[in-house]
Amino acid sequence: MYNIGLPSDLKEMAAIEARRNREKERQSRFFNVRNRVMGVDVEALNNQVKEQKLQEAAERSKEAAYGIYQMQYDLVAQMLEKEQAEQSRGLAKKVQEFREQKQQLKSSYEFDLGNPVQLWNEFPAHLRDSDPYYGPASLQCFSGEDLDRAMCLRMQQEQFKYNLEKQLEEKQQARADEKYADMLSDQLCLAADMRTSQLAKMEEFSRIATMTAMANINKAQAELSEFSNLHQQTYSPLSPSV
């Protein structure tokens, strides 16, 4: 007798046997009551859970980085506010000193309506020829008769020295303020560069995690599609034997 029902091609028999073995392996994986839920790929779900955890960890690290940068910016802003307040106090102090030194009541030339004879009462009676209240216009002192010339020259020199030292001190303070402002500006630029680099790294990490998740999902879908095709081919009605 001739065995007509067996395939004549050995390669076809090997392929059918391999499909059957894969089908049995898939059935043992999907229909195992301990490790499966009917109609769900446990391995794919585990991969999705892992990807979700990775994404949550990336979000937490990103929020932590934002918090660190926010603290740095707050610190720099506080330093700038403190510097501005100190400059304002210094300016107010200088204005007050100028008013106390240059805008005294005794050196004021404004006319007081409440006391019309104020300027007259400020000058005492004539005491001597070298009285400081009288100048050349009062006919009390003439050229070559200034007995206080040496003291006046010394006072002028002291005033000139004081003004020169004051100018040098103001220039040095201005240079120090400029250097401090440049340092703060460099710190802000460095912080901005660090933030940009950190954000770029986080975006790259998120992009890689998203691509990995998509690849795993596509792989799971491909396996599920292949399983469905093999299932249909295996349980489809075979051709009758002669």
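Here are some short exercises on this protein, each with a worked solution.

The structure is a predicted model, in which local features need pLDDT of at least 70, side-chain atom pairs count only at pLDDT 80 or more, and totals for chains, interfaces and linings use all residues. Residues are numbered from 1 along each chain as its sequence is written, and side-chain values use heavy atoms, leaving out hydrogens and water.

**Exercise 1. Find how many helices and strands the protein has.**

Solution. Start with the rule: helices (H or I, at least four residues) and strands (E, at least two) are DSSP runs, numbered from the N terminus. Counting them gives 4 helices and 0 strands. Read from the N terminus, the order is α-α-α-α.

**Exercise 2. Check whether the span of helix α4 agrees or disagrees with what its 86 residues should give.**

Solution. First, note that α4 covers residues 149-234. Next, take the expected span of a helix, which is 1.5 Å times one less than its number of residues. For the 86 residues of α4 that gives 128 Å. Finally, compare: the end C-alpha atoms of α4 lie 127 Å apart, which agrees.

**Exercise 3. Work out what percentage of the protein is buried, and which residues of α4 are buried.**

Solution. Begin with the cut-offs: buried means under 20% relative accessible area, exposed over 50%, and partly exposed in between (1.4 Å probe, protein chains only). Of the 242 residues of the protein, 9% count as buried. In α4, the buried residues are Leu184, Ala191, Met202, Ala213, Ala220, Phe227 and Leu230. Now try two cysteines: Cys152 has a relative accessible area of 36%, so Cys152 is partly exposed. Cys189, at 44%, is partly exposed as well.

**Exercise 4. Count the disulfides.**

Solution. Look for a pair of cysteine sulfur atoms within 2.5 Å, as that is what a disulfide is. The count comes to 0.

**Exercise 5. Find which residues form the salt bridge, and how they sit in α4.**

Solution. The rule asks for a side-chain nitrogen of Lys or Arg within 4 Å of a carboxyl oxygen of Asp or Glu. Searching the whole structure gives 1 salt bridge. Glu204 pairs with Arg207, and their closest N and O atoms are 2.4 Å apart. Within α4, Glu204 and Arg207 are 3 residues apart, so about one helical turn separates them. Both partners are partly exposed: Glu204 has 34% relative accessibility, and Arg207 has 41%.

**Exercise 6. Find which residues Phe205 touches, not counting residues up to four places away in sequence.**

Solution. Locate Phe205 first: this residue is in helix α4. At a relative accessible area of 44%, Phe205 is partly exposed. Then apply the contact rule (heavy atoms within 4.5 Å). Phe205 touches Leu54 and Ala58. To see how far the chain reaches here, compare two distances: Phe205 and Leu54 are 151 residues apart in sequence, yet 9.9 Å apart in space, C-alpha to C-alpha. For the protein, residues 24 or more positions apart account for 67% of the contacts with a separation of 6 or more.
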